[in-house]
Amino acid sequence: MSENRGFQLGTVGALSLSVVSSVSIVICNKALISSLGFNFATTLTSWHLLVTFCSLHVALKLKLFEHKPFERRAVLGFGILNGISIGLLNLSLGFNSVGFYQLLELVRAKIQSRGRTGFVLGQVIAAHAREDLDKLIALLNMTKLAIIPCTVFLETVFLNKKFSRSVQGSLAVLLVGVGIATVTDLQLNALGSFLSFLAVVTTCIAQIMTNTIQKKFKVSSTQLLYQSSPYQATTLLIFGPFLDKLLTNQNVFAFKYTSQVLFFIILSCLISVSVNFSTFLVIGKTSPVTYQVLGHLKTCLVLAFGYVLLRDPFSWRNILGILIALVGMILYSYYCTRESQKKADEVAPLSQVKGDESDPLIKLESGAKVST
């Protein structure tokens, strides 16, 4: 019982860390992109991963965790796939949201002509951007909505994982709620839709691999992140500047890096260490589907905080969607907890019979204490 309680506390801690760090980096990046005009999202992500690797390397030298090498092909493929999925997501947003990137060009021209970044950007967005920004956010949310059904399909077909009707129903309620709250009318094109499809599939596979690799090779989230982040960072460092140039018609190396811009870039990179770590931790302790459910909770929180703190426009449709989504999350948590407890009760007698035959590494991976 105490072992199960310890695992539950560890899971709650991982979920909480993921929510706090994700909301923090959204606020930081919003200031960096919206207020300071730094629109190089893919390159910024490569810097995030590079700082994450350096931080973990320092932690390794301080012996805060143990390095555990495993199959090189697996970690190489996993790291590159993660990098590709990020690039595809940015590409799909770019090709489906031409108006948004035209807005960025307008913002850049206004800033260069007047030099008053914060005020001018606010004026430009107020005058030209509301509809395009809403469409971009709606497109991103629609892409995120597609990840859960795709993940369920892939795990069912290729991993023989079973999802009960209760869990499927709760996920359907959640997706309907988030869709009502966030998705508006969209105009998609063939290339953008194809890139969105590829982004969803690669993201799902990468998140499933995050979970299966940790269990197959008995490595922790920290060990997996330490070994895969260099490959992710390298992939994005190579393609990021070209991708950002294609989407924004700006050169990341020609950007004017003021002290304020550098401050927010450094802050964003530091927060990203926690974001990346908590992502691997949550997926390892729970599942890719649970991680996506948590992501939709963050979306609802961002909507609510935007209304309360920033007075963003908020309609009854948003409120209704958030309430429906919360019902879906509660039902999902309830059914998953009930099914996990049922499985634990079925396994408990068998584990008592086996006694000392169980592998202590597996116990450690699940958060259990091993007595010596």
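In which loop is the place of Lys63? In this predicted model, Lys63 sits in the loop between helix H2 (41–61) and helix H3 (72–96). The backbone there is worth a glance: phi of Lys63 is near 60°, a positive value in a residue other than glycine. Lys63 counts as exposed because its relative accessibility is 74%, and the cut-off for that class is over 50%. A second residue with this kind of backbone angle is Asn249, whose phi is positive at about 60° although Asn249 is not a glycine. Asn249 belongs to the loop between helix H8 (221–248) and H9. With a relative accessible area of 46%, Asn249 is partly exposed.

Turning to the helices, the unreviewed UniProt entry lists residues 12–33, 45–62, 74–95, 136–159, 171–188, 194–212, 263–284 and 316–335 under "transmembrane region". Two of these spans can be set against the model. Residues 45–62 are 94% helix and 0% strand, with end C-alpha atoms 26 Å apart. Residues 194–212 are 100% helix and 0% strand, and the end C-alpha atoms of that span lie 27 Å apart.

Helix H6 (residues 165–182) offers a handy check on geometry. Its 18 residues should span 26 Å at 1.5 Å a residue, and the end C-alpha atoms are indeed 26 Å apart, so the two values agree. Buried residues of H6 include Val167, Ser170, Leu171, Leu174, Leu175 and Val178; Gly177, Gly179, Ala181 and Thr182 are buried as well.

Helix H9 (residues 259–285) contains Asn276. Asn276 is buried because its relative accessible area is 16%, and buried means under 20%. Leaving aside residues up to four places away in sequence, Asn276 touches His48, Leu49, Thr52 and Leu225.

Side-chain pairing comes next. Side chains of opposite charge can pair when their charged atoms come close. The structure holds one salt bridge, in which the side chains of Glu155 and Lys161 meet at 3.8 Å, N to O. The environments of the two partners can be read from their accessibility: Glu155 counts as buried at 3%, whereas Lys161 counts as partly exposed at 31%.

Aromatic side chains add a further set of contacts. The structure holds 12 aromatic pairs, and ring pairs link Phe38, Phe40, Trp47, Phe255 and Tyr257 into a cluster. Of these residues, Trp47 falls within H2 (41–61).

Definitions and conventions. Residues numbered from 1 in each chain as written. Predicted model: local features only at pLDDT ≥ 70, side-chain atom pairs only at ≥ 80, totals over all residues. Heavy atoms only, no water. UniProt positions renumbered as here; feature names shortened; annotations may be inferred. Helix = DSSP H or I, 4+ residues; strand = E, 2+ residues; numbered from the N terminus. Salt bridge = Lys/Arg side-chain N within 4 Å of Asp/Glu carboxyl O. Buried < 20%, exposed > 50% of the residue type's maximum accessible area, 1.4 Å probe, protein only. Phe/Tyr/Trp six-rings, centres within 6.5 Å; stacked < 30°, edge-to-face > 60°. Contact = heavy atoms within 4.5 Å. Expected span 1.5 Å × (residues − 1).
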